[in-house]
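Notebook open, model loaded. I want to look at the sheet first and the cysteines after that.

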Amino acid sequence: MVDSTGCFFLIDCWHSILVLQRAVKEWNTHQKHMFVINFGDIVDGFCPKDQSLGTVQKVVDEFEKFKGGPVYHMIGNHCLYNLPRSQLLPLLKIQSLDGRAYYDFSPVPEYRFVVLDAYDISAIGWPQDHPKTLKAMKILREKNPNENMNSPDNLEGPERRFVMFNGGVGKEQMEWLDGVLLDATILNQKVIVCCHLPLDTGAANLDTLLWNYDEVMNLIHRYNCVKACLAGHDHIGGYSIDSHGIHHRVFEAALECPPGTSAFGYIEVYDDRISLIGTDRMESTDMHFSPRS
C-alpha cells in the first residue's frame, strides 16, 4: 500500500485568488502532501491582455507558497487566450522542447502521473502559421460548419467537441504516451493520466472533450496500468467509469464558487484505490481498482 501521506492536491484554476489562498493555507496545514497540480486555466480569458503577464505571475507566486513539494501546471485554453506558449511555459516552469507541454513524474515508486498537453494540436497558443495551428484549422473546417468555430451548434453527440476552445493530442505526443505506458507497465506502476480536457463521454459535457479522446483512450486501453484519468475544463465536474474500469473524474471549477465557498481537494493513493477528499463544492470520490497493474 502506498502510505496515505502519498497524496497530492488539485485545483481547477478557474478561481479567485482568495480561493487559491485558502487552498494553499489548508494544504500547508496538513503538512503531509507531496505536491500540487493545477489543471489549467490559471487566468481568465477575459483578463485584460496588458495585465495577463502580471496576473499569471501573481497566481504562480501564490502556488509557490505551498511548502510540501513541487507545483506542477498544465495549460488550458484560457491560459492560451492570454499568453503564447513561448511566454506561458517558462512562467509555469514547464520544461519544454519546441513548445511541448506534456511530461510525467513519479512521486513514489508505485505511481506515475502523466500530464498531457491537450492543446498540442490547437488553433490557439501557437503562431498562426505554425504547422500545428494549420492542422487544427483544417480539422475545424472539416468538422465544424459554423462561422463561429467556438460554437457547437448543428453538431450532434460527441461531434460537438470540434470547437476552437478544445484541442487534440498530436502524433509525437501519442508515441511518447505509448512509451511512458510501456515503461510504467514494466515497472509495475499505477498510472494517473492528467489532462485539461476530459477523455470520457460519461464524465463531461460533449462539447468539452479532447478532439481525439477516442484515439487517446484506445491507446490507454491497450495497457492495464492506467487507473484514473483526471481533468478540468468542464466547470460543473463529473465522474464515470469506462468500459475498461478506468475512472474518469472531472473537477468542479472554483470559478463557479459563490463568495465564501471553495473547490479544491487532495488525493490519497493506496494499492487498490485513490480517494479524492474534496473541499466544499468539490465532491469527494473513492476510485477503487484491482491492485494488480
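In which sense do strand S5 and strand S6 pair, and over how many bridges? I looked it up in this predicted model: S5 (residues 111-115) and S6 (residues 190-195) run parallel, with five bridges between them. For one specific pair, I picked phenylalanine 113, and its bridge partner in S6 is isoleucine 192.

Next I checked what lies on the sheet around there. Helix H6 (residues 171-186) packs on it, touching S4, S5, S6 and strand S7 (226-231). I also noted the direction of H6, which makes about 175° with that of S5.

Then I went through the whole sheet. It is open, with six strands in the order S4-S5-S6-S7-S9-S8, and the pairing is mixed. The edges are strand S4 (103-108) and strand S8 (238-241); each has a single partner strand, so one side of each has no neighbour in the sheet. From one strand to the next, the twist averages 15°.

Cysteines next. How many disulfides does the count come to? I get zero. Why no bond for cysteine 194? The closest cysteine sulfur belongs to cysteine 229 and sits 8.8 Å away, too far for a bond, given that the cut-off for a disulfide is 2.5 Å between the sulfur atoms.

Last entry: are cysteine 194 and cysteine 225 buried or exposed? I have cysteine 194 at 0% relative accessibility, so I put it down as buried. Cysteine 225 is buried as well, with a relative accessible area of 0%.

Methods. Residues numbered from 1 in each chain as written. Predicted model: local features only at pLDDT ≥ 70, side-chain atom pairs only at ≥ 80, totals over all residues. Heavy atoms only, no water. Pairing = 2+ DSSP bridges. Helix = DSSP H or I, 4+ residues; strand = E, 2+ residues; numbered from the N terminus. Axes fitted to C-alpha atoms, helices over the stretch in contact; angles between N-to-C directions. Contact = heavy atoms within 4.5 Å. Buried < 20%, exposed > 50% of the residue type's maximum accessible area, 1.4 Å probe, protein only.
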